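Thanks for making the time this morning. I would like to take you through one model, going from a detail of its surface out to the overall fold, so please have a look at it first.

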Number of protein chains: 2
Amino acid sequence: MPWRYEEEGDNSWGCASWFEYLVVVVLSTILLVGALVLTLFWVIYYRGGFAWSENPEIQFNLHPVLMVGGFITLSGFSILFYRLCRCLKHIYVKLAHTFFHACTIPCVVIGFLAVFDSHNLANPPIPNFYTLHSWIGLVTMGLFVLQFVFGFFTFLVCLCCENGTYSCRAAMVPIHASFGLVTFMLACATCVTGLTQKAIWKLGSAYSQWTEEGIIINAIGATIIALGVVISFAVRRSNAPATAKVYVTERL
Amino acid sequence: MPWRYEEEGDNSWGCASWFEYLVVVVLSTILLVGALVLTLFWVIYYRGGFAWSENPEIQFNLHPVLMVGGFITLSGFSILFYRLCRCLKHIYVKLAHTFFHACTIPCVVIGFLAVFDSHNLANPPIPNFYTLHSWIGLVTMGLFVLQFVFGFFTFLVCLCCENGTYSCRAAMVPIHASFGLVTFMLACATCVTGLTQKAIWKLGSAYSQWTEEGIIINAIGATIIALGVVISFAVRRSNAPATAKVYVTERL
């Protein structure tokens with residue numbers, strides 16, 4: 001690595017850094033919650049709410065809500081929490097990061113089963129995995145599982161032998177962080193393609209008439225795109241707490 | 001900034017760094033050219049080739065080719081060329097970076113006019129700007145224009161007063177680089193939503209039968225997603241030539 005730290009304590013932040021930090025925290029929280037609330041509103045108000053396999057068409061509605069809730073809101077919050085939390089001991093931040101990502105798993109599993117059921121139980125059955133959305137979605141899920149298993153063993157289980165695994169963990173931090181951001185960006189791309197195909201299939205020619213539902217679907221997509229920009233900005237900023245010198249030895 | 005450079009000459013790269021560099025250069029070149037070639041093949045072989053306003057439906061075909069050619073192939077190559085070129089004086093790299101981005105402008109303008117014409121001259125006319133694809137596309141075009149004008153004045157025109165503008169230009173480098181990557185990611189998101197809606201509109205129920213055209217459209221989308229990953233990886237690596245000490249004073 002060609003870089004090394006210069007002196008910077010945790011309290012050396014100026015007014016501008018604090019302002020930027022607060023803007024990122026507030027904006028990303030609004031967008032993370034906003035994406036989920038808009039999706040819930042869309043599904044409940046326009047798409048008939050929720051059901052399980054007794055009504056496959058309505059069962060589908062669990063798919064966008066749980067995927068946006070899991071891959072965007074929970075995962076996005078988990079990434080930001082790890083990167084921006086300034087007030088907890090680092091091991092607690094790591095455990096919370098793992099916990100929020102673990103909460104994503106049931107969301108994704110149920111969301112995946114919901115769309116699978118809604119295709120297979122439809123009359124006639126709808127084929128699976130033929131859209132670009134499903135291709136990107138499968139890659140996103142695969143990367144998420146790899147990242148979770150890899151992160152769990154490398155950054156939590158390997159702590160049992162803290163000194164012996166230090167250099168290995170140190171080398172793995174940028175890989176885990178980069179692939180984490182890639183997974184989040186792929187999740188955003190999956191969402192916008194999914195929203196596009198749902199808008200076209202369900203609204204048909206009404207989509208071009210600027211109907212309320214079309215505008216809400218577009219607004220969900222725009223919120224997710226904005227989140228992709230804000231989160232990639234937040235995790236790459238050099239003045240985020242996770243880069244501060246005080247955390248270097250304990251954050252691996 | 002909490003970082004500073006340690007000693008690292010241009011020749012200190014090990015075998016692994018060179019291997020990684022070559023893999024990134026070869027892979028990204030294949031993907032950049034592949035995305036354009038696949039789009040050309042799709043449009044010529046399945047969508048009837050090219051025309052201007054005498055045939056609005058065929059005129060549309062210029063839109064995907066010129067947008068992928070401009071926003072993905074030319075812009076992606078321009079970003080990678082700036083970041084990875086090791087053999088030219090830095091001012092030539094900057095001029096080439098500007099030139100390739102300048103070549104993007106006519107592609108985007110003609111591509112935009114093509115879709116506009118194909119909507120307005122259709123019978124009946126098709127409304128504009130109601131899809132998520134068009135919303136993300138407008139933001140991408142706006143950001144591209146801002147980045148081009150900002151970059152041209154800050155990093156080329158301001159060189160007339162090289163010493164007086166040094167600190168200003170130095171502060172602007174990370175902003176231009178970050179928003180450049182954001183613009184490229186937005187272009188990728190615009191492409192995959194555009195491909196999704198075109199596949200559904202044009203193929204209809206045949207899309208679910210794994211037709212050749214559907215697979216080719218998905219393959220174009222998958223190539224563009226892979227490019228998003230490879231390019232974000234390439235520009236963020238700390239051992240890319242643009243971070244080497246030797247360039248620091250002349251690369252602003």
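Which residues make the nonpolar surface patch of about 400 Å²? In this model, which I should say at once is predicted, the patch is made by Trp52(A), Ile105(A), Val109(A), Ile110(A) and Leu113(A).

Let me stay with one of these residues, Leu113(A), which sits in helix α4, running over residues 90–120 of chain A. Leu113(A) counts as partly exposed, because its relative accessibility is 40%, and the partly exposed class lies between the 20% and 50% limits.

Now to the annotation, where some care is needed, since it comes from an unreviewed UniProt entry: that record places the feature "transmembrane region" at residues 21–45, 65–84, 96–116, 136–161, 173–195 and 215–235 of chain A. For two of these spans I can set the record beside the model. Residues 96–116 are 100% helix and 0% strand, with the end C-alpha atoms 31 Å apart, while residues 21–45 are likewise 100% helix and 0% strand, with their end C-alpha atoms 35 Å apart.

Stepping back to the whole chain, chain A has 7 helices and 1 strand, and along the sequence the pattern reads β-α-α-α-α-α-α-α. Of its 252 residues, 52% count as buried, and of the contacts between residues at least 6 apart in sequence, 75% join residues at least 24 apart. Finally, chain A exposes about 11,800 Å², of which carbon and sulfur atoms supply 72%.

How values were computed
Residues are numbered from 1 along each chain as its sequence is written. Chains are lettered from A and ligands numbered from 1 in the order in which they are written. This is a predicted model: local features need pLDDT of at least 70, side-chain atom pairs count only at pLDDT 80 or more; totals for chains, interfaces and linings use all residues. Side-chain values use heavy atoms; hydrogens and water are left out. Helices (H or I, at least four residues) and strands (E, at least two) are DSSP runs, numbered from the N terminus. Buried means under 20% relative accessible area, exposed over 50%, partly exposed in between (1.4 Å probe, protein chains only). Contact means heavy atoms within 4.5 Å. Accessible areas come from the Shrake-Rupley method with a 1.4 Å probe; for residues, only the protein chains shown count as cover. UniProt positions are given in the numbering used here, feature names are shortened, and annotations may be inferred rather than shown by experiment. Patches are made of residues with over 30% relative accessible area and no salt bridge: like charges are joined within 9 Å, nonpolar side chains (Val, Leu, Ile, Met, Phe, Trp, Tyr) within 5 Å. A salt bridge is a side-chain nitrogen of Lys or Arg within 4 Å of a carboxyl oxygen of Asp or Glu.
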